[in-house]
Amino acid sequence: MDIFDRLRQRIVTKADLQYILTTDDNVFLSTLREQAQQVAQSIYGTHVFIRGLIEISSYCKNDCLYCGLRRSNHMAVRYRLSEDDIYSSCEKGHKLGFRTFVMQGGEDAWFNDERLSRIISNIRQQYPDSAITLSLGERSRESYQLLFEAGANRYLLRHETADGKHYAQLHPAEMSFDHRMQSLHNLKEIGYQVGCGFMVGSPGQTVDTLLSDLQFILSLQPQMVGIGPFVATQHTPFASKPSGSVEHTLRLLSVIRLLQPHVLLPATTALGTLHPQGRELGILHGANVIMPNLSPLTHRKDYNIYDNKICTGDEAAEALANINRSLQAIGYKTVVDRGDYK
């Protein structure tokens, strides 16, 4: 049984992963990419689902060592979108064909359960044909339940690493690896479509920690997995660390697609930040989701989770037209669709 047989049977060994990440065998790498692409197309066709990203707050109570929004970064620009800003972003996105809105932000207590529930309920009432995704970090199980009942469908919470010792290298002591993992299980039990994920090339990452990540994904069975290269960021303790590898990220996208054929797999902004065709390459390696930015132009550059994040200043319509052209050039197209997990 070769590597591809094992991946199709949802098995990955340390030796397999080591080989996948280090080989320069172009025939093997082409086969890996082609098989991942074929599997994605067998389920989702050549459709790429678009998610409208609305970055609602750059405030965060946490002090994660890799993140530009960490509370100790006094150079970060802080803002919060008003409710009207959020509704306006949704209105603009819906007219353009977005049928998923992703509200993302730091762990900001100003967006409490009452305020968020009202916002979610209003969006749900206004756009019953659209999915509402949240990416707002760790909250209590009760909070997750309230937001689900208000109308949220999906929740993205990157686990960042499935290795407890590695987690402690990336986060301050007050943050708990066990709590992060429990949060993901709480979300699944409540009924959300759940997304987890990790940075590729984060400081301290090894083949062993990556293997733990893949095994965790197999165990959790998330509907979404978000991975992207670690990007070194000024004004953080990891500012001088090398950024992650685009090539490793692409290979791992293919591995995840083969291990979890039905998963919704974004070609992340971080890929596009480190490579001008990063998102297109992600699609060609098995990804099937892109998340253009619907946030107000005045604040896009302020949501600086890492350096040089793609922030063109394009209006959403122009950005979407550019994405459509680039996808058509590689044989794909965006669709007006919620893009639910199949």
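User: What makes the span of helix α4 (residues 83-96) agree with its number of residues?
Analyst: The expected span of a helix is 1.5 Å times one less than its number of residues, so the 14 residues of α4 should span 20 Å, and its end C-alpha atoms are indeed 20 Å apart, which agrees. This is a predicted model, in which local features need pLDDT of at least 70 and side-chain atom pairs count only at pLDDT 80 or more, while totals for chains, interfaces and linings use all residues. Residues are numbered from 1 along each chain as its sequence is written, and side-chain values use heavy atoms, leaving out hydrogens and water.

User: Which residues of α4 are called buried, and how do you know on which side of α4 they lie?
Analyst: Ile 86, Ser 89, Cys 90, Gly 93 and His 94 are buried, a word that stands for under 20% relative accessible area, with exposed for over 50% and partly exposed in between (1.4 Å probe, protein chains only). They cover an arc of only 130° around the axis, taken from the directions from the helix axis to the C-beta atoms, which puts them on the same side of α4. On the other side, Asp 84 and Lys 95 are exposed.

User: Why is the crossover from β3 through α5 to β4 called right-handed?
Analyst: β3 and β4 pair in the parallel sense over five bridges, where pairing requires that DSSP finds at least two bridges between the strands. The chain crosses from β3 through α5 to β4, and the crossover is called right-handed because, with the strands pointing away from the viewer, the path from the first strand over the helix to the second runs clockwise.

Conventions. Helices (H or I, at least four residues) and strands (E, at least two) are DSSP runs, numbered from the N terminus.
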